[in-house]
Each structure stands twice: as C-alpha cells, then as structure tokens.
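Work through these exercises with the structure in view. Try each task before you read its solution.

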Amino acid sequence: MGLSYFSIILKDDNTLWGCGGNGSGELGLGDTTNRTTFTQITTNTDDVKEIYCGGGHTFVLKNDGTLWGCGYNRDYGQLGLGDNTDRNTFTQIIDNNIDNIKSVYCGGDHTLILKNDGTLWGCGRNEYGQLGLGDTTNRTAFIQIATNTDDIKSVYCGGYHTFILKNDGTLWGCGRNYEGQLGLGDTTDRTTFTQITTNADDIKSVYCGGYHTFILKNDDTLWGCGYNGHGNLGSGDTTNKNTFTQITTNANDIKEICCGYNHTFILKNDGTLWGCGLNAHGQLGLGDTTHRYAFTQVTTNTNNIKEIYCGDCYTLILKNDGTLWGCGYNGYGNLGSGDTTNRTTFTQVTTNTDDVKSLPNQYNAATIKVYDLNAGLVETLDTNNFRNIPVNKFEKIKILYTNPTDTLIAGLISFDNKTTWKMFTGTSWTTISDITPNNILLNGMSMEKINNLTKEILVQGGFTGNINFKIALKTNDDTKTPSITKIYIQYKE
C-alpha cells in the first residue's frame, strides 16, 4: 500500500536515498525541500534493516533493533515520539515499550508495531478507530492494542483502516468503513478489531489501498471490497463493494499485488503486469490517462520485474537487472527523474539509482516473510511463493531466524506442491510421511543443512523450479517467541 508522494530506496551498500515531497521532513534530509532526484540520506541511517513509509512519515528499523522515524507528526503523533512535532532527520523512538520489534506497518497517518512477543502497539491518527483501541482518540505515543489481537500472524494498513490476519486463518478489521473497505457487509466504522466472516476464508495475504482492500486466497482467487469509483477493484464496474467479492477478469495466476491510493497492480507468475483503477496521471503506465475498470495488461517497459511500489498516484518498478522505472504523478519529483513532469509509461530513472536493493515495505518477490510463530512447537508452510524459479540460475536457499538464539529448527522440502515431503540425508533424499512438528524436529533437516543445499542436490531430489517448505521450531523458554525472520531463494536473471 502506498499513500505517499515521496520515494525511498535502499541500495546494496546499505545506503538510503530519497526523492519527492519533503514538506514535513519525510525524506530525513534535515530540511523540508523537495528533491527531484534520489539524494543520499546520511543522518542516522546506518545499519538499516527495513524501510516503512506512510502517507507523510517514514521509519527505518535497524539491525540492532532500534526504530527511527521522521516526517509528518504535527497533527496525529504517528511517529510515536510523544508529541506533535515534525522531524526532518531520523529520530530514535525511545520508549520502554518499543523493543523486540518484529515488523512495522504504516497507514496514511497511523503506525502499528508487531512485537516478537505477539503484542500489537499503535500510535497516530485514530479518527475512524483505525488503531483498534475502542475509541477515536489520536495517540502520540505507542500504546498496546489488546482487544481481539491475540495470535496475530500479520498486520495490514490501508489509508484509514487496519486488518490483522491471525494464525487460525481468521481476518479482523477496524477503522474507516464508509466505502465498505472492511468487508463487513455495511458501511459503519469499527473502533475495535471485528471478525470478517463473509468470503474471508483460506486467506493467503491481504492488500490495502487508500479505501479499498484485497485478499488473495490459497486457491489463488482474488477478492476485493471497498471504494471502486475509479475501478480500483478491477471488477469491471464502479460500484463500491461492502463484502469481499471475487474478481474474475484477468485476475488469475497472481504472484504479487500492490495497491496505491486508488489504483492497483497485480504481477503474475508469468511475469506480466496488470493494472486497474485511477489513471488520471498515467500511474497505470498504459500510455494514457484513462481509468481502467478491469485489470489491463501493461506492456511497455514492464519485463523482468522484481518488485512493485505504488505511491499515492504514481508507481515504481524495480527490475531484476537492478534498474528502476516509474510512471504517474511527478509533481513533487517523486519519480526521481530530475523534473516534475508526469509520465504515462514506465520510464527509466537513471540518476543515483544504481544497485537498488529494495523499495519501501517490499520484499523480494521470491521471499516469504513469516510473521508470527507461537512459543513451543510450531510450524509454518510456504504456500505458492517459491514457484517458477529458473533452475539454471539458482544460487542458494537462506533461512534466517531470530530470538531465542538456541531455538531448535528443522524442516522438510517438497518439490511437488506439498504432495510429498523430503529430507536430504547427506547422500540421498528420503520421503518423510510423518510430518507432525515433533517428527520434523526429530528427522528433518537442520537450518545449516538446508542452507547448504546446492542446486545439484536439489535437482537430485526433484527440483524443477518449485519448492515448498514445512518448518518446525521449538524453544524451552516460554517467555520467548521463536520466529523465522525470512526464508528466501536467491537466483540471478
């Protein structure tokens, strides 16, 4: 989800660069002057792990676990610093409650933090109840959100609404619902997280725009609700939907989804890019400014896409060759093209865009982020993300995990869409029929063994481009939550 008019990139050398609107200091450059080319941000930006962007505020989470924010804070307190003062350099959020951070989530003017202990904390704008605190009072410091926030797997923020997906598969939402974006069958706002029951089963992931929401299910079907006045949902009409409704036109074989304020993109497993919704500034990259009410293929300069980032009325794509391309609104210089002219087709951004590692709030298209695993025996499954991997260009598998450091971790691999599960003994592959967590821990592969699997060994086991994982973890410390930070497969195009 993007609601911003500014862009941040993280490079391979771990330097941070920004361009676009900077009226509140959201670029962290020490001033409030817009930039039309990517400019290096040097103050307090060392050792960055992740970047998160809201409507006018920015956070970086560092590898040492500290959280730093800058930008718009004067009306709602979304930086969590305990005041309503904007910051134009990254400033540490020093709060005894904000430690052990798992991930950060930014809405238009609100911020949520999910901690490794499973608790959820929020601050900022709460006019519609988007913090889930049972009221509509803004918060300038992070406060724990306790009602219906147990067992969270992941969090998703829209413009003024918020969702949590729980480990039991249930979906819960709060905040603005005037357009039906919570999918509850009405248009009444909610101030506490409320379960969505209609067409909200078997969810793989959730994606939020300014006033609209999508869910992608494990059967690869796409469902949407909320504002649709510009065709944002891709349903072929402009009628708002207050329950999740299946989107059928050109919405198959989806790899990734990205939502702007009023436009939407899907990246398919075959590498094609499709867009719908508002196109007044050319943000769909279709060469015109005509809205699209159904997903329409974007063909100009859209090959070999690695990541997509949608701002308010513009779009960036990062390609596997490391080049950056943008289209749409550019009035603040947010495309980084050195001017303020809009683009209606994806145009390469060349100044200071070498060696781009990632865009805000994005992960490599071949990456699975595992958000939450309970203490004790737990397991998680990759569903469909590791598909169509070019075997001849495969480099390595990497599993990273966090506290506690003595967590026992073991796993199995499937090459046939989870029909059979296997482990490598050191000389050959063997099928494991008992896939309970206890048996995985007893007979599965260690993290080190999985990380050392070569392409040749994987091919021997049946690897033809698709891989699934089943992971089990165990800790004897009930006060800790063992978690996998990331599983990724690296390959070169």
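**Exercise 1. Place a salt bridge by burial.**
Decide whether K241 is buried or exposed, then find out how its partner D237 is classed.

*Solution.*
Step 1. K241 has a relative accessible area of 15%, so this lysine is buried. The model is a predicted one.
Step 2. D237 comes to 28% relative accessibility, so this residue counts as partly exposed.
Step 3. The two side chains form a salt bridge, with 2.8 Å from N to O.
Step 4. Side chains of opposite charge can pair when their charged atoms come close.

**Exercise 2. Look at further salt bridges.**
State how many salt bridges a search of the whole structure finds. Then examine the pairs D135 with R139 and D150 with K166.

*Solution.*
Step 1. The search of the whole structure gives 16 salt bridges.
Step 2. D135 and R139 meet through their side chains at 2.8 Å, N to O. D135 is partly exposed at 23%, whereas R139 is buried at 16%.
Step 3. D150 and K166 also form a salt bridge, at 2.8 Å from N to O. This pair links distant parts of the chain, 16 residues apart. D150 lies in the loop between strand 11 and strand 12 (152-157). K166 belongs to strand 13 (residues 161-166).
Step 4. K166 has a relative accessible area of 4%, so K166 is buried.
Step 5. There is also a salt-bridge network, and it links D109, R125 and E127.

**Exercise 3. Read a sheet.**
Give the strand order of the open sheet of four strands, and explain why strand 8 and strand 11 each have one side without a neighbour.

*Solution.*
Step 1. The order is 8-9-10-11, and the pairing is antiparallel.
Step 2. Strand 8 (101-106) and strand 11 (139-145) are at the edges. Each has a single partner strand, so one side of each lacks a neighbour in the sheet.
Step 3. From one strand to the next, the twist averages 20 degrees.
Step 4. Now take strand 8 and strand 9 (residues 110-115). They run antiparallel, joined by five bridges. At V104, the bridge partner in strand 9 is I113.
Step 5. Strands of a sheet pair through backbone hydrogen bonds, either parallel or antiparallel.

**Exercise 4. Test the cysteines.**
Count the disulfides in the whole structure. Then check C157 and C310.

*Solution.*
Step 1. A disulfide needs two cysteine sulfur atoms within 2.5 Å.
Step 2. The search of the whole structure finds zero disulfides.
Step 3. For C157, the nearest cysteine sulfur is that of C106, 7.3 Å away. C157 is in no disulfide. Its relative accessibility is 7%, so C157 counts as buried.
Step 4. For C310, the nearest cysteine sulfur belongs to C258, at 3.4 Å. C310 is in no disulfide either. Its relative accessible area is 0%, so C310 is buried.

**Exercise 5. Map the surroundings of one residue.**
Locate N199, and list what N199 touches beyond four places in sequence.

*Solution.*
Step 1. N199 sits in the loop between strand 15 (190-196) and strand 16 (203-208).
Step 2. At 29% relative accessibility, N199 is partly exposed.
Step 3. Leaving out residues up to four places away in sequence, N199 touches I215, K217, W223 and F244.
Step 4. Take K217 from that list. It is 18 residues from N199 along the chain, and their C-alpha atoms are 9.8 Å apart.
Step 5. Take F244 next. The N199 side chain reaches the backbone oxygen of F244 at 2.8 Å.

Key
Residues numbered from 1 in each chain as written. Predicted model: local features only at pLDDT ≥ 70, side-chain atom pairs only at ≥ 80, totals over all residues. Heavy atoms only, no water. Pairing = 2+ DSSP bridges. Helix = DSSP H or I, 4+ residues; strand = E, 2+ residues; numbered from the N terminus. Axes fitted to C-alpha atoms, helices over the stretch in contact; angles between N-to-C directions. Buried < 20%, exposed > 50% of the residue type's maximum accessible area, 1.4 Å probe, protein only. Salt bridge = Lys/Arg side-chain N within 4 Å of Asp/Glu carboxyl O. Contact = heavy atoms within 4.5 Å. Polar contact = N/O pair within 3.5 Å; in protein donor to acceptor, adjacent residues only side chain to side chain.
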